[in-house]
Amino acid sequence: MMDDFKVPEHELAEAITSIFGLEKDAPEKKANKYYYQVRIVIGEPFGAGMAGDGAYIRLIGDKAQSEKAAVKKDWDFFDRHLSRTYSDMTIETDKDLGDILVVSLGIKKDWLPSLKYWYVDYVMVDNQQSKKKKQFPCYHWIGDGDSVSVTANTATLQQVANNPIYLQQRQSQLDKRRKQYVWKWFRDVGLPSGIDATVLSLPLDEEFWAGKLMDFTGTAVKDAVVMGFQKHITNIEEKLFSVDDLSIFEQLAKALGKHEFPVYQAGRWTRDEEFGYQMLNGVNPVVIKQCTAKPANFPVKTEMVRGSLNRGLTLEEEMKAGNVYICDLKVMDGLPCRENYYCPAPLCLLYVNGYSKLVPIAIQLKQVPGDDNPIFLPSDHWIDWLLAKIFYQSAHSQYHELAVHYLSCHAAMEAYAMGIMRNLPDPHPLYKLLRPHIRYTMAINTAARASLINDGGIIDRAFAIGGEGRKELMRRAGKAYSIYWTNIKRSAKKRGVDDTNQLLEYYYRNDGFKIWQAIESYAHDIIYEFYSSDSAVANDQELQYCVTDIHNNGFPGYDGGVQGHGFPKQVDTRDDLVELCTLIMFTGSAQHASVNFGQYDYYGYVPNAPFGVRSPPPTKKGVADYQTLLDTLPDKNTACLSISIAHLLSQYGPKERFLGHYPSERFTEEKAQRMIERFKKSLDGITGDIEERNKSLDVPYVFMLPGRVPNSITI
């Protein structure tokens, strides 16, 4: 649930200097009694203050601990449900508690089931004896009969938290979490492991807050109603009978409120330059590789593509010069499809021409060459060539959704989140660093497993490959998967596209490199601040348990796959830890944003990239006509489902938290706060660079703009 709302600076300052002015309301002090003034700041999420009369607090010091003290209910309905508020109180004890180390918060269990929830941002404690004031960050939900214990604001490693009270608090928290966060393996589809929970049984801290849930559900319901209405008023039949019916896809796309689709305007989607642009900057920009030699199963010859090569060189010479690229979707070969739908396993050769534009120059729709598997070329009849691009895009889009989007972002981030929650307690600096980047990931994935990628779910009904094909594709991709798919530096280098002097319009790469560097610098600052040496990393038992847990349980090696899929068994150096944390933070933020939020732009107009085609890959050239084109595109039900999926998944949530903005002050140390400010400043510089560049583009590339990149996967 929500956990990161910014405390107003004036309020925090007042808290620190005068414990919120409680002195005027403090009770008269009695002899031989000890007094502690407390302010409990209730969080802003809807329902955060619904603790009723059962809320309590206990102070634990290095000398003694208080009894449970009832928290008075001094907030009204509006405060409880819609805004941040607080509760002030004075705790009187018979014993001197000493230095307050831990604060315990809870709700007494009712004998009848109830809907009591309490979300606490932080607690301020003013020890009236020592005049020492402390802030205890919480940012947790507390349910009926539940409790949480929190320590003061300092980030600490286990090996330096040598006070037995601190150590007990850390271990108790982890023991509790390991019962809540239980691994579930997805062997049947070969995915990384996740939480063994349903939407209704998630830990409270992982659930969508009510506003987010209402927005998500409302969008889904609205889309279903609108698209259901549209498919009945558009006169689309299961087969489209006239050329004019092609325009109906624009009408369907606009039904959900978007009135400008760049891919549709002036027929952009039919142009070769647009196709090439989407391989670089669409929602699946990570398949393209440099081609240095022709694949044996893709026998393209110079004579076939000479009209596309405008430097006077042979195809082999262009490859040697670094001007030829390839997209190979062999992973799609032989996937089962649902009735009356087909999915190719295409190869596409692309060329950077003398105008620095990437364009397709050859497409083969099946992996095995032969007379019944022609190589389509830009010089062919325009319908043949357009159909070849449509067939390619249909495979490209399905692979994107299941392997690039869900597997390498959603599923991987859930595995990371599980390891973090099971092994890193709240005071751990890496918990504070990484927690904002796993917010809502378990909630959205659990919802997806219930309705999107479940048997008979939306994907099975919208994609050509259907249910059995979906599972097989996930198994294949899962076996090949490496965590470094989302390490943009390593991925680009492996694909031969890391040279920023080539593919000048590869904005995903160019912007992504900058964001990676900014995140890496921030992670480096934090890690080098809290780990004094490499040995401190190696000796951090909580960290090593976390890494081993993710390696062993998060990324199992199913059916011959590699155990860990690149995730290490242990981390021994600060630099290795920096790279690992950068990977996690980048995957949950910029990488996911780049492959998610453009879906409606590129999939909303169905002919540009359909999730399925109704005709098998053509075996001859020169026989297709308009009717062939129309008969190939999806039927109305599939089109409406596709548009609804693309629209729903492209939405930002209410009160979204964007990269670098951490309203919950998990790090309260001054040096760490300065590091966060440096991170924000570097992101502001990247924003300025991108916005200036975008002024000269017909279609601005915005998916890596820091202000449009959420910290975590929330959709």
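Trainee: How much space lies in the largest cavity?

Mentor: About 100 Å³. Keep in mind that this is a predicted model.

Trainee: How many cavities of 30 Å³ or more does the structure hold?

Mentor: Eight.

Trainee: How would anyone find empty space like that?

Mentor: Rolling a probe the size of a water molecule over the atoms shows where space is left empty.

Trainee: Back to the largest cavity. Which residues line it?

Mentor: The lining includes Pro137, Cys138 and Tyr139. Val150, Thr151 and Ala152 are also among the lining residues. So are Asp426, Pro427, Tyr431, Lys432 and Arg666.

Trainee: Which elements each supply at least two residues of that lining?

Mentor: Strand S7 (132–143), strand S8 (147–151) and helix H10 (429–434). S7 gives the most, with three residues.

Trainee: And how does the lining of the largest cavity split by class?

Mentor: Seven residues are nonpolar, one is polar and three are charged.

Trainee: Next one down. What volume does the second largest cavity have?

Mentor: About 80 Å³. It is lined by 13 residues, and the closest to its centre are Leu434, Leu543, Cys546, Leu580 and Ile584.

Trainee: What classes do the residues of that lining belong to?

Mentor: The lining of the second largest cavity has 13 nonpolar residues, no polar ones and no charged ones.

Trainee: Which helices each supply at least two of them?

Mentor: H10, helix H17 (541–554) and helix H18 (574–596). You met H10 at the largest cavity, where it also supplies at least two lining residues.

Trainee: Let's switch to pockets. How much space lies in the second largest pocket?

Mentor: About 680 Å³. Of its 24 lining residues, Val286, Lys289, Tyr399, Trp485 and Arg495 are the closest to the centre.

Trainee: Which elements each supply at least two residues there?

Mentor: Strand S12 (324–328), helix H9 (382–423), helix H13 (466–480) and helix H14 (488–494). By class, the lining of this pocket divides into twelve nonpolar, five polar and seven charged residues.

Trainee: On to rings. How many aromatic pairs does the structure hold?

Mentor: There are 24. One of them joins Phe463 and Phe611, and it is tilted, at 4.6 Å centre to centre with 35° between the planes.

Trainee: Where in the chain do those two sit?

Mentor: In distant parts, 148 residues apart. Phe463 is in the loop between helix H12 (458–462) and H13. Phe611 is in the loop between helix H19 (599–603) and helix H20 (626–632).

Trainee: Are Phe463 and Phe611 buried or exposed?

Mentor: Both are buried.

Trainee: Why is the pair of Tyr701 and Phe703 edge-to-face?

Mentor: Because the planes of Tyr701 and Phe703 are at 90°, and over 60 degrees counts as edge-to-face. Their ring centres are 5.5 Å apart. Tyr701 and Phe703 are both buried.

Trainee: Which residues do ring pairs link into a cluster?

Mentor: Tyr416, Tyr481, Trp485, Phe555 and Phe567. Trp485 came up earlier, among the residues closest to the centre of the second largest pocket.

Trainee: What sits over the ring of Tyr341?

Mentor: The charged end of Arg338, 4.1 Å from the ring centre. Likewise, the charged end of Lys489 sits over the ring of Phe513, 5.3 Å from its centre.

Trainee: Last topic, cysteines. How many disulfides does the count come to?

Mentor: Zero.

Trainee: Why does Cys640 count as buried?

Mentor: Because its relative accessibility is 5%, and buried means under 20%. Cys291 is buried too, with a relative accessible area of 3%.

Note on methods. Residues are numbered from 1 along each chain as its sequence is written. This is a predicted model: local features need pLDDT of at least 70, side-chain atom pairs count only at pLDDT 80 or more; totals for chains, interfaces and linings use all residues. Side-chain values use heavy atoms; hydrogens and water are left out. On a 1 Å grid over the protein atoms alone, a cavity is a set of points where a 1.4 Å probe fits but cannot get out, and a pocket is an open set with protein on both sides within 12 Å along at least five of seven lines; lining residues have an atom within 4 Å of a point. Grid points are joined across faces, edges and corners, and a volume is the space filled by probe spheres set on the points. Helices (H or I, at least four residues) and strands (E, at least two) are DSSP runs, numbered from the N terminus. Ala, Val, Leu, Ile, Met, Phe, Trp, Tyr, Cys and Pro count as nonpolar, Asp, Glu, Lys and Arg as charged, and the others, Gly among them, as polar. Rings of Phe, Tyr and Trp (its six-membered ring) pair if their centres lie within 6.5 Å; planes under 30 degrees apart count as stacked, over 60 as edge-to-face and the rest as tilted. Buried means under 20% relative accessible area, exposed over 50%, partly exposed in between (1.4 Å probe, protein chains only). A charge sits over a ring if NZ of Lys or CZ of Arg is within 6 Å of the ring centre and within 35 degrees of the ring normal. A disulfide is a pair of cysteine sulfur atoms within 2.5 Å.
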